[in-house]
Amino acid sequence: MNLQRPNSNDATRTANRSRNVSPMSGICSRCIDGCTGNCEVFKATFRSRELIYPGPFGEITAGGDKDYPVDYSHLNIQGYALGARGLPKGVKGDSDTALFTKVNTQTEYGWSKKVKMTMPIFTGALGSTEIARKNWEHFAVGAALSGVTLVCGENVCGIDPALKLDKKGKITSAPDMDRRIEIYRRYHRGFGEILVQMNVEDTRLGVAEYVSKKHGLDTIELKWGQGAKCIGGEIKVGSLERARELQKRGYIVTPDPSSPVSQAAFKDGSLKEFERHSRLGFIDEDGFYAEIKRLRGLGFKRITLKTGAYSLRELAMAIKWGAKARVDLLTIDGAGGGTGMSPWRMMEEWGMPSLYLHAAAYEFCQRLADKGERVPDIAFGGGFSSEDGVFKALALGAPFAKAVCMGRALMIPGMVGKNIGQWIKDGKLPNTVGQFGSTPEEIFVCYEEVKDMVGAKEMKNLPLGALGVYSYAEKIRVGLQQIMAGARCFNVPVISRSDLMSLTEECAKITDIPYLMNAYRKEAIKILDGK
């Protein structure tokens, strides 16, 4: 069985001509001389390296669609007819006290100085991609209103056209970073936080020093990787001058904008855009501890770490070194990931898929815990979009997993809400939206709820994408309440691995979650035998 067909995908805006395709290559079984396309081989013949990436850049996010042998759908959630774990102290569970509306979805993370969130989700890193920049207000305000953490991703300062550096190449002014932080803080309600992620270039530019000194941020994140790719952050640049500017700031820019050949190609119109790449990070244990110490010396109360779908070796390094360094949150992002820009074939074919990686993370955390070592709070990322996935991830990683990192799923509502506002303005509401009304008050079911939070005056200034993010997050929260109540879990900390069952024996082997015909079998036999 072929798990993923190459050579044609909507992400690269390509398709096969033939109904029959070679499974391994993705090439039509009957390739005709004279075919007008449009598979990836055909299109790459004249657009070359452009076919590496999904597009159009700045208008889409992309996610891997490889069908892995085992994923989270191979787990089901247990339901029970008795019991109620996690109710407030002194409250006895019965039909009048154990209501799903009473389920507490709050969670917290941090080694000693905790951050509370209203629900166990937070955003993926929204960094220097154009889609993150132009939709930031919608994402940030929505996350702040929802009471969840927002991660400002890598390279935000480095690509800022208005960036100012001192003689040593360190940041003195970064207006776009200022904007991003201030927007979130304006609507912050005491739950969640905004934190900034750093890569190699960010560290060299002095991003940590800047956000600490100017904004007093409590948390900074080190990035080892992500689920979507095993290479540095990437964006596309549509002007020669901009490409040369970023090259001067220390970024890798391809094709080389200083080359006469590239300049000629751009001038004649064949080369339409450049790529800006971040460097690969290189880590070692002593260097990691030294960087943690340096960042704490700058005044950061919390240090978090984001790692990607690397091998078990790197996973062990992240967990063990994170434990020794007292990292406040370790986010483990599995393949296939989602992103604003990653090489498409890399996104499809590299790294450990989420379920496998997360199962190993639990195993490694438990191994350290059994030896009396405390591990960092854990978050899982890699393809989550619904409340059942959140529950499964928390249960699979219990008691170490505290939250789920959501990338594209928390971005889409921001874009949809923004577009609804534009459609209303233009008088072009599609029926998918217009069937519910013609005004924001009619369309958004959470409109009055948010208005009550921010006030009628401020509601007029609220970006509709933020209302979209809040509405989506509220769906996750209430849906999670219902699932948790069915599993008789009335707060997040009591969710356990025993609340899951494997639907296949292969899944049971990978996760150590019992096959459904074995789960609770001993308890069932005791009842049958009258013991």
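**Entry 1. The second largest pocket**

I started with the second largest pocket of this predicted model. I counted 27 residues in the lining of the second largest pocket. Val200, Lys223, Gly281, Phe282 and Ile283 lie nearest its centre. I noted a volume of about 730 Å³ for the second largest pocket. The elements that give two or more residues to its lining are helix H5 (200-205), S11 and helix H9 (285-297). Which of them gives the most? I found that H9 does, with 3 residues. I then sorted the lining by residue type: 11 are nonpolar, 9 polar and 7 charged.

**Entry 2. A nonpolar patch**

Phe282 came up again, so to speak, on the surface. I looked up its partners there: Phe282 forms a nonpolar patch with Ile231 and Leu280. Together the three have about 350 Å² of accessible area. Where does Ile231 lie? I placed Ile231 in the loop between strand S11 (219-223) and strand S12 (234-237). S11 also gives two or more residues to the lining of the second largest pocket. Ile231 has a relative accessible area of 33%, so I logged Ile231 as partly exposed.

**Entry 3. Salt bridges**

I turned to charged pairs. Side chains of opposite charge can pair when their charged atoms come close. How many salt bridges does the structure hold? I noted 28.

I took Arg294 and Glu209 as one case. Their side chains meet in a salt bridge, at 2.7 Å from N to O. Arg294 lies in helix H9 and Glu209 in helix H6 (residues 207-215), so this pair ties together parts that are 85 residues apart in sequence. H9 is the helix I had already met in the pocket lining. Are the two partners buried or exposed? Arg294 is partly exposed, at 29% relative accessible area. Glu209 is partly exposed as well, at 32%.

Next I checked Glu245 and Arg249. They form a salt bridge, with the closest N and O atoms 3.2 Å apart. Glu245 is partly exposed, at 28% relative accessible area. I logged Arg249 as buried, because its relative accessible area is 16% and the cut-off for buried is under 20%.

Then I looked at Arg313 and Glu314. Their side chains meet in a salt bridge of 2.7 Å, N to O. Arg313 is exposed, with a relative accessible area of 57%. Glu314 is buried, at 15%.

I also found a network. Salt bridges link Glu193, Asp218, Lys301 and Arg302.

**Entry 4. Cis peptide bonds**

I went on to the backbone. Most residues other than glycine have a negative phi, and most peptide bonds are trans. I looked for departures from both.

Which peptide bond did I check at Pro255? The bond from Thr254 to Pro255 is cis, with omega near -15 degrees. Pro255 sits in the loop between strand S13 (252-254) and helix H8 (260-268).

I noted another cis bond from Ala398 to Pro399, with omega near 0 degrees. Pro399 lies in the loop between helix H13 (387-396) and strand S19 (401-406).

I followed Pro399 to Val494. The two are 95 residues apart along the chain, and their C-alpha atoms are separated by 8.1 Å. Val494 lies in a loop too, between helix H19 (464-486) and strand S20 (500-502). I logged Val494 as partly exposed, with a relative accessible area of 23%.

**Entry 5. Positive phi**

I closed with phi. What is the phi of Arg13? I read a value near 55 degrees, which is positive in a residue other than glycine. Arg13 lies in the segment before helix H1 (40-47). Its relative accessible area is 45%, so Arg13 counts as partly exposed.

Tyr520 has a positive phi as well, near 60 degrees, and is a residue other than glycine. I placed Tyr520 in the loop between helix H20 (505-511) and helix H21 (521-528). Tyr520 is partly exposed, at 33% relative accessibility.

Definitions and conventions:
Residues are numbered from 1 along each chain as its sequence is written. This is a predicted model: local features need pLDDT of at least 70, side-chain atom pairs count only at pLDDT 80 or more; totals for chains, interfaces and linings use all residues. Side-chain values use heavy atoms; hydrogens and water are left out. Patches are made of residues with over 30% relative accessible area and no salt bridge: like charges are joined within 9 Å, nonpolar side chains (Val, Leu, Ile, Met, Phe, Trp, Tyr) within 5 Å. Accessible areas come from the Shrake-Rupley method with a 1.4 Å probe; for residues, only the protein chains shown count as cover. A salt bridge is a side-chain nitrogen of Lys or Arg within 4 Å of a carboxyl oxygen of Asp or Glu. Helices (H or I, at least four residues) and strands (E, at least two) are DSSP runs, numbered from the N terminus. Buried means under 20% relative accessible area, exposed over 50%, partly exposed in between (1.4 Å probe, protein chains only). On a 1 Å grid over the protein atoms alone, a cavity is a set of points where a 1.4 Å probe fits but cannot get out, and a pocket is an open set with protein on both sides within 12 Å along at least five of seven lines; lining residues have an atom within 4 Å of a point. Grid points are joined across faces, edges and corners, and a volume is the space filled by probe spheres set on the points. Ala, Val, Leu, Ile, Met, Phe, Trp, Tyr, Cys and Pro count as nonpolar, Asp, Glu, Lys and Arg as charged, and the others, Gly among them, as polar.
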